[in-house]
Amino acid sequence: RRRGGKLVSDRRYFEDYAPGVTIGSARRTVTETDILVWSGLVGDFNPAHVDIVHAATTPFGQRIAHGNIAFNLSVSLALGKVPGDYRPEGFIRLAGWEKVRFTAPVFIGDTLRAERTLEAMEDGPDADSGVLVFSVRVIKDQDETVMVGTERLLVRRAPTDERKGTQ
């Protein structure tokens, strides 16, 4: 639906999801600036990321982005696609990541996007919440998967009077 001319999601609460739904993301090209800013932010100046001469001698033949750049872009790019689809109104907090693996290098100039597929819906720590369990893939422009993992989001259940099947 549209609100104020912008496309927004109809998903608000835990019950508004169903296993199998896939949520896409916006796209973004990784730049040299991304790598240098990330290196400075976290203090990771590994020559595979910041030294052109050294990187040329590695199996990749060029500098690679830090894996956490792809990881963090998977979140920010999903937030930018359809507001509320990935983080609904009832979003409480991130409940964790599991089984994160970096499966291919990301180079300067690669364009990334993310896909989340809802694999399971679990009870939350109380009756007012549930956990959405997404399998996440980050894909670069050549349709090559560069990162996979499982993300768990804690989301409010709809107020009792709004739950499906109630009057």
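**Exercise 1.** Leaving aside its neighbours within four places in sequence, with which residues is F134 in contact?

*Solution.* The model is predicted: local features require pLDDT of at least 70, side-chain atom pairs count only at pLDDT 80 or more, and totals for chains, interfaces and linings use all residues. Residues are numbered from 1 along each chain as its sequence is written, and side-chain values use heavy atoms, with hydrogens and water left out.

Step 1. Apply the contact criterion, heavy atoms within 4.5 Å.

Step 2. With neighbours within four places in sequence set aside, F134 is in contact with Y17, I23, R116, T117, L118, E119, G149, T150, E151 and L153.

**Exercise 2.** Determine the order of helices and strands in the chain, and state how its contacts and surface are distributed.

*Solution.* Step 1. Helices (H or I, at least four residues) and strands (E, at least two) are DSSP runs, numbered from the N terminus. The chain has 4 helices and 8 strands, in the sequence order β-β-β-β-α-α-α-α-β-β-β-β.

Step 2. Take the contacts between residues at least 6 apart in sequence: 70% of these join residues at least 24 apart.

Step 3. By the Shrake-Rupley method with a 1.4 Å probe, where for residues only the protein chains shown count as cover, the chain exposes about 9000 Å², and carbon and sulfur atoms supply 51% of that area.

Step 4. Classify residues by relative accessible area: buried is under 20%, exposed is over 50%, and partly exposed lies in between (1.4 Å probe, protein chains only). Of the 167 residues, 42% count as buried.

**Exercise 3.** Identify the central members of the largest nonpolar core and the elements that supply it.

*Solution.* Step 1. A nonpolar core is a set of buried Ala, Val, Leu, Ile, Met, Phe, Trp, Tyr and Cys residues joined through side-chain atoms within 4.5 Å. The largest one has 29 residues, of which Y17, V106, L112, L132, F134 and V146 touch the most other members.

Step 2. Two or more residues each come from α1 (32–42), α4 (67–81), β6 (111–123), β7 (129–140) and β8 (144–156). The largest share, 7 residues, is that of α4.

Step 3. As background, nonpolar side chains in soluble globular proteins tend to be buried together.

**Exercise 4.** Which geometry does each aromatic pair adopt, given that the structure holds 2 of them?

*Solution.* Step 1. Rings of Phe, Tyr and Trp (its six-membered ring) pair if their centres lie within 6.5 Å; planes under 30 degrees apart are stacked, over 60 edge-to-face, and the rest tilted.

Step 2. F60 and F107 are edge-to-face, at 6.4 Å centre to centre and 65 degrees between the planes. F60 lies in the loop between α3 (52–56) and α4, and F107 in the loop between β5 and β6, 47 residues apart. F60 is partly exposed at 39% relative accessibility, whereas F107 is buried at 15%.

Step 3. The ring centres of F71 and W97 are 4.7 Å apart with planes at 55 degrees, so this pair is tilted. The pair joins helix α4, which holds F71, to strand β5, which holds W97, across 26 residues. F71 counts as buried, at 18% relative accessibility.

**Exercise 5.** Locate the residues K99 and D143 and describe their backbone phi values and exposure.

*Solution.* Step 1. Most residues other than glycine have a negative phi.

Step 2. K99, in strand β5 (residues 91–102), has a positive phi near 55 degrees. K99 is exposed, at 69% relative accessibility.

Step 3. D143, in the loop between β7 and β8, has a positive phi of about 60 degrees. D143 is exposed, at 58% relative accessibility.
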